[in-house]
Structures are given as C-alpha cells and as structure tokens.
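Trainee: I'd like to learn how to read a model like this one, feature by feature. Can we go through it together?

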Amino acid sequence: QVQVAESGGGLVKAGGSLRLSCVASGSHFTITKTTWYRQAPGRQREEVAGIQSNGVTSIIASVQGRFAISRDDTKNAVDLQMNSLKPWDAGVYYCRAFGVAHTSGRTFDVWGQGTRVTVIS
C-alpha cells in the first residue's frame with residue numbers, strides 16, 4: 001500500500017522560506033503525479049503546485065515566482081520550496097499522489113496527513 005508523508009512545516013517570519021517534502025513509501029509503484037495543496041482556516045483546500053512523471057509542472061498564480069516544485073526520484077520525494085512567504089500562505093499543506101501499483105495494475109490516489117505552515121508578520 002502506497003503512503004505519502006509530508007514534512008518541513010513550521011513557523012517562519014514573513015519574507016522567510018521553508019522547504020516542504022513529500023515522501024512516498026510502499027512497494028512496486030509508479031507515481032504519475034504529485035500535487036501540493038493547502039488549506040487555511042475557514043477556507044477551502046486549494047491546489048498550489050503539481051508535478052507529473054514527465055517533469056511537467058503547474059503552479060498557481062498567487063505563488064508564482066516565490067514557490068517552486070521539484071522531484072527527487074531517488075528518494076521518491078517531491079519538494080515544495082517556498083520563498084518570500086506571506087501571512088496568507090499559512091495553513092496546512094497536504095501532499096497528494098496519484099499513480100499505479102505494479103502488482104495489481106490498479107491506480108491509487110493517496111493523501112498525506114499534512115504539515116502546518118505558520119507565517120507571522
């Protein structure tokens with residue numbers, strides 16, 4: 001069974017940086033897309049950035065130029081580098097992975113538990 005776990009959240013001053021990591025674990029699988037989401041208190045969860053197995057990335061306009069998504073296949077990890085953080089970037093950041101299990105041939109769609117980002121002025 002494939003699982004993903006996020007790490008790297010914390011408290012940072014506005015203008016600071018954090019690097020979040022999403023690591024997938026399990027056996028015999030291929031991830032076709034990993035997406036970072038965030039959810040601020042009282043707001044809906046929103047997609048922030050995604051990366052596909054072919055390297056194609058997507059990122060929302062409000063974080064373009066400040067956030068970057070990257071993949072390390074040797075670690076089954078997808079990182080989200082967040083620079084110039086603003087108070088409204090705060091929230092719980094979730095990782096979502098979509099892929100295929102080799103043994104069964106079935107697709108999977110899994111979420112992590114989230115990591116909290118707090119940005120203070």
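Mentor: Sure, and let's start with a term we'll need: a residue is buried under 20% relative accessible area, exposed over 50%, and partly exposed in between. Keep in mind that this is a predicted model. Asn 76 is a good first case: its relative accessible area is 40%, so Asn 76 is partly exposed.

Trainee: Where does Asn 76 sit, and what is its phi?

Mentor: You'll find Asn 76 in the loop between S7 and S8. Its phi is near 50 degrees, a positive value in a residue other than glycine. His 28 is another such case, with phi near 55 degrees. That one belongs to the loop between S3 and S4.

Trainee: Is His 28 buried or exposed?

Mentor: Exposed, because its relative accessibility is 56%. For a glycine with positive phi, go to the hairpin that S9 and S10 form with 5 residues between them. Gly 105 in that turn has a phi of about 80 degrees.

Trainee: Now the strands. Which strands does S9 pair with, and how many bridges are there?

Mentor: A general point on strands before we go there: in a regular strand the side chains alternate between the two faces of the sheet. As for the pairings here, take them one by one:
- S4 (residues 29–39) and S9 (residues 91–101) run antiparallel, joined by 10 bridges.
- S9 and S10 (residues 107–111) are antiparallel too, with 5 bridges.
- S9 and S11 (residues 115–120) are joined by 3 bridges, again antiparallel.

Trainee: Which residues can I use to line these strands up by eye?

Mentor: Try Ile 31, which stands opposite Gly 99 in S9. For the hairpin, Val 100 faces Thr 107 in S10. And for S11, look at Tyr 93, whose bridge partner there is Thr 115.

Trainee: What does Thr 35 in S4 touch?

Mentor: Leaving out residues up to four places away in sequence, Thr 35 touches Glu 47, Ala 49, Gly 50, Tyr 94, Cys 95 and Arg 96. Thr 35 counts as buried because its relative accessibility is 6%.

Trainee: How do I read aromatic pairs? How many does the structure hold?

Mentor: Look at the distance between ring centres and the angle between planes; planes over 60 degrees apart count as edge-to-face. The structure holds 2 aromatic pairs. Phe 29 and Phe 108 make an edge-to-face one, at 6.2 Å centre to centre and 80 degrees between the planes. This pair links distant parts of the chain, with Phe 29 in S4 and Phe 108 in S10, 79 residues apart. Phe 29 is buried at 13% relative accessibility, and Phe 108 is buried at 12%.

Trainee: And why is the pair of Tyr 37 and Trp 111 called tilted?

Mentor: Because their planes lie at 45 degrees, with the ring centres 4.7 Å apart. Tyr 37 lies in S4 and Trp 111 in S10, so this pair ties together parts 74 residues apart in sequence. Tyr 37 is buried, with a relative accessible area of 11%, whereas Trp 111 is partly exposed at 33%.

Trainee: What does Val 2 touch, and where does it lie?

Mentor: Val 2 lies in the segment before S1 (3–7). Not counting residues up to four places away in sequence, Val 2 touches Ser 25, Phe 29, Phe 108 and Val 110. So both rings of the edge-to-face pair are among the contacts of Val 2. At 9% relative accessibility, Val 2 counts as buried. Val 2 and Trp 111 are 109 residues apart in sequence, yet 9.9 Å apart in space, C-alpha to C-alpha.

Trainee: Last topic: pockets. How do I look for one?

Mentor: Rolling a probe the size of a water molecule over the atoms shows where empty space is left. Here, the largest pocket holds about 200 Å³ of space. Its lining has 16 residues, with Ile 31, Thr 34, Arg 71, Asp 73 and Asn 76 nearest the centre.

Trainee: Which strand supplies the largest share of that lining?

Mentor: S4 does, with 5 residues. S3 (18–25), S4, S5 (46–52), S7 (67–72) and S8 (77–82) each supply at least two. By residue type, the lining divides into 7 nonpolar, 5 polar and 4 charged.

Notes. Residues numbered from 1 in each chain as written. Predicted model: local features only at pLDDT ≥ 70, side-chain atom pairs only at ≥ 80, totals over all residues. Heavy atoms only, no water. Pairing = 2+ DSSP bridges. Helix = DSSP H or I, 4+ residues; strand = E, 2+ residues; numbered from the N terminus. 1 Å grid on protein atoms, 1.4 Å probe; cavity = no way out; pocket = protein on both sides within 12 Å on 5 of 7 lines; lining within 4 Å. Points joined across faces, edges and corners; volume = space filled by probe spheres on them. Nonpolar A, V, L, I, M, F, W, Y, C, P; charged D, E, K, R; others polar. Buried < 20%, exposed > 50% of the residue type's maximum accessible area, 1.4 Å probe, protein only. Contact = heavy atoms within 4.5 Å. Phe/Tyr/Trp six-rings, centres within 6.5 Å; stacked < 30°, edge-to-face > 60°.
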